[in-house]
Amino acid sequence: MPADWLALRRAADHRARERAAGLLRRLGDHVGERTGDELVVLDIGAGTGSNQAWLAPRLPGPQRWVLVDHDPDLLGQAGAAVPGADVTTRRAVATVEEVHSLVPSDGEVLVTCAALLDLLTVAQLDALADVIAPTDRPGVAALLSLTVTGDVEISPPHPADAAVTAAFDAHQRREDRPGPKATEAMAAALRRRGADVELAATDWELDASDESLVRRYLYDRAAVAVEQDATLAPLAREWLAAREGSLMDGSLRVRVGHLDLLSLPVEPGSGSGG
């Protein structure tokens, strides 16, 4: 993802994640049971470090973060200091398929990501599920956040909403990607492997106070829809003009559906939840 987009969305991401407080409490209880050892946190698709900035101060005890991304330029912009947390940080350039090599053989481990799952193929989702809930060793905890669901509400409504949404979602599902169904696909994969999985909504709720983010979101949404279906170009221009007018007069409201997923390993004999 471009660094400027990551910067624009950071505040909205952090607000949305407060809605999944129950997942965070369960995760904190789980990792807090360790006896003073460092928690190793693998942040997949870490980008410029937004996930670490939000999550690290909310986890108990000392933490050793490994920021993982395929883009070294993005990783170079990730901050190393996390106020209010006992954290050390290193960076690793790697793909999702290579993450398994970064998992330590012992100690408490948390796998986390934000705004990543909907970008992955089915094979990559399975590779990540194998890291979290492998068949040849104990599983680890995971908090996989801010995956889009395809559920978007823009007010006031416009006649082109359905066409833009259909083209955008089709683009998200290209090249064997579940796209908006990625959270459900990951949840199913983890449950098949015996993990205890819980989901929580972490929707963006945006209005004119988020002007820069909303404008970028709308323009990118239209561009992706036209990339998927070039015949939509005139309709997309009309749609954007109407949306721009609503943004400028303060009437625009945008809800973008997201889901967070918590996965916890199940002790032998205890059964699974979710």
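The residues lining the largest cavity divide into four nonpolar, one polar and two charged. This tour of a predicted model opens at that cavity and then proceeds to other sites that merit selection.

**First stop: the cavity**

Select Arg17, Ala20, Leu24, Trp54, Leu143, Ser145 and Asp260, which line the largest cavity. The volume enclosed there is about 40 Å³. The count of cavities of 30 Å³ or more comes to one.

**Second stop: the aromatic rings**

Next, select Trp204 and Tyr217. A search of the whole structure finds two aromatic pairs. In the pair formed by Trp204 and Tyr217, the ring centres are 6.2 Å apart and the planes stand at 75°, so the arrangement is edge-to-face. Trp204 belongs to strand β7 (residues 204-206) and Tyr217 to helix α8 (residues 211-228), so this pair ties together parts that are 13 residues apart in sequence. Both Trp204 and Tyr217 are buried. Add Trp5 to the selection: ring pairs link Trp5, Trp204 and Tyr217 into a cluster.

**Third stop: a charge over a ring**

Now display Arg221 together with Phe168. Arg221 lies over the face of the Phe168 ring, at 4.6 Å from the ring centre.

**Fourth stop: a buried arginine and two aspartates**

Move to Arg255, which is found in strand β8 (residues 253-264). Is this arginine, at 14% relative accessibility, buried or exposed? Arg255 counts as buried, because its value of 14% falls under the 20% cut-off. With side chains shown, select Asp151 as well: a polar contact of 2.8 Å joins its side chain to that of Arg255. Then add Asp203, whose side chain is likewise joined to the side chain of Arg255 by a polar contact of 2.8 Å.

**Fifth stop: strand β5 and the loops on either side**

Begin in the loop between α5 (122-132) and β5 (141-155), where Pro134 lies. Pro134 counts as buried, at 15% relative accessibility. To place this residue in the wider structure, select Thr112 also and draw a C-alpha to C-alpha distance. Pro134 and Thr112 are 22 residues apart in sequence and 16 Å apart in space.

Continue into strand β5 and select Leu146, which is found there. What is the sign of phi at Leu146? The angle is near 60°, a positive value in a residue other than glycine. Leu146 is buried, with a relative accessible area of 2%.

Next, select Ser155 and Pro156 and inspect the peptide bond between them. That bond is cis, with omega at about 0°. Pro156 lies in the loop between β5 and α6 (161-172).

**Last stop: an exposed glutamate**

Finally, select Glu175, in the loop between α6 and α7 (182-192). Phi of Glu175 is near 55°, again a positive value in a residue other than glycine. Is Glu175 buried or exposed? Glu175 is exposed, with a relative accessible area of 58%. To close, display Leu146 and Glu175 together: each has a positive phi, but Leu146 is buried, whereas Glu175 is exposed.

Terms used:
Residues numbered from 1 in each chain as written. Predicted model: local features only at pLDDT ≥ 70, side-chain atom pairs only at ≥ 80, totals over all residues. Heavy atoms only, no water. Phe/Tyr/Trp six-rings, centres within 6.5 Å; stacked < 30°, edge-to-face > 60°. Helix = DSSP H or I, 4+ residues; strand = E, 2+ residues; numbered from the N terminus. Buried < 20%, exposed > 50% of the residue type's maximum accessible area, 1.4 Å probe, protein only. Lys NZ or Arg CZ within 6 Å of the ring centre and 35° of its normal. 1 Å grid on protein atoms, 1.4 Å probe; cavity = no way out; pocket = protein on both sides within 12 Å on 5 of 7 lines; lining within 4 Å. Points joined across faces, edges and corners; volume = space filled by probe spheres on them. Nonpolar A, V, L, I, M, F, W, Y, C, P; charged D, E, K, R; others polar. Polar contact = N/O pair within 3.5 Å; in protein donor to acceptor, adjacent residues only side chain to side chain.
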